[in-house]
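Me: Please take a close look at one part of this protein, the nonpolar core, and set it beside what lies on the surface. I would like the cut-offs stated as you go.

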Amino acid sequence: MSQRWRAVGVLAGALFVVNVLARLVIKLGFDQDDTAADRVSLVMFLVIGLILAVVAFRWGRDRPVARWSTDLVVAVAVALALTVFVAPLLVGQNPFAGGAGLFFAQIWLYLAATAAGVLVGYLVLTALGLDHRSQQLKRYAQLKAARPRKVVRR
């Protein structure tokens with residue numbers, strides 16, 4: 001059980017670190033350039049989506065959907081809370097400095113990026129027939145095909 005939560009914690013930490021690195025790059029390199037800051041933010045969201053796509057693909061191979069999706073939801077929720085409340089403080093900003101609109105836009109964009117990443121990873125996994133359910137059905141079909149047919153006498 002501790003391995004399960006360790007993996008969730010590592011994932012949440014990795015997502016948080018990606019956000020902090022993007023904030024540091026914006027603060028140190030593009031402090032007054034909004035276009036460059038938007039590009040760095042876009043790259044950050046793409047990296048977060050890519051990380052979650054890979055994790056969904058990897059975890060979806062050997063775990064049921066209910067288990068890995070719950071783990072991902074917990075990791076994303078923790079990373080989102082850290083990203084919204086702690087990350088701005090690390091770069092010397094107030095989490096609520098931009099007002100309610102920016103605060104909630106940040107949450108919605110983060111959730112959209114994470115949902116897109118998970119969806120892409122799981123759809124690719126399912127399309128390739130490598131997900132946990134497809135593998136179970138494949139093993140069941142092989143097991144049924146391997147048994148000899150019973151002869152029915154009348």
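Reply: What follows goes from the core to one of its members and then to the surface. The model is predicted, so local features need pLDDT of at least 70 and side-chain atom pairs count only at pLDDT 80 or more, while totals for chains, interfaces and linings use all residues. Residues are numbered from 1 along each chain as its sequence is written, and side-chain values use heavy atoms, with hydrogens and water left out.

The largest nonpolar core (buried Ala, Val, Leu, Ile, Met, Phe, Trp, Tyr and Cys residues joined through side-chain atoms within 4.5 Å, where buried means under 20% relative accessible area, exposed over 50% and partly exposed in between, with a 1.4 Å probe and protein chains only) has 28 residues, of which Leu11, Leu15, Ile48, Leu52, Leu72 and Tyr110 touch the most other members. At least two residues of this core come from each of helix 1, helix 2 (34-62), helix 3 (65-90) and helix 4 (99-127), helices being DSSP runs of H or I with at least four residues, numbered from the N terminus. Helix 2 supplies the largest share, nine residues.

Leu52, once neighbours within four places in sequence are set aside, is in contact (heavy atoms within 4.5 Å) with Leu11, Leu15, Leu72, Val76, Thr114, Gly117 and Val118.

Turning to the surface, Leu24 lies in helix 1 (residues 2-29) and counts as partly exposed because its relative accessibility is 33%. Ala127, in helix 4, is exposed, with a relative accessible area of 67%, and its C-alpha atom is separated by 27 Å from that of Ala12, 115 residues apart along the chain.
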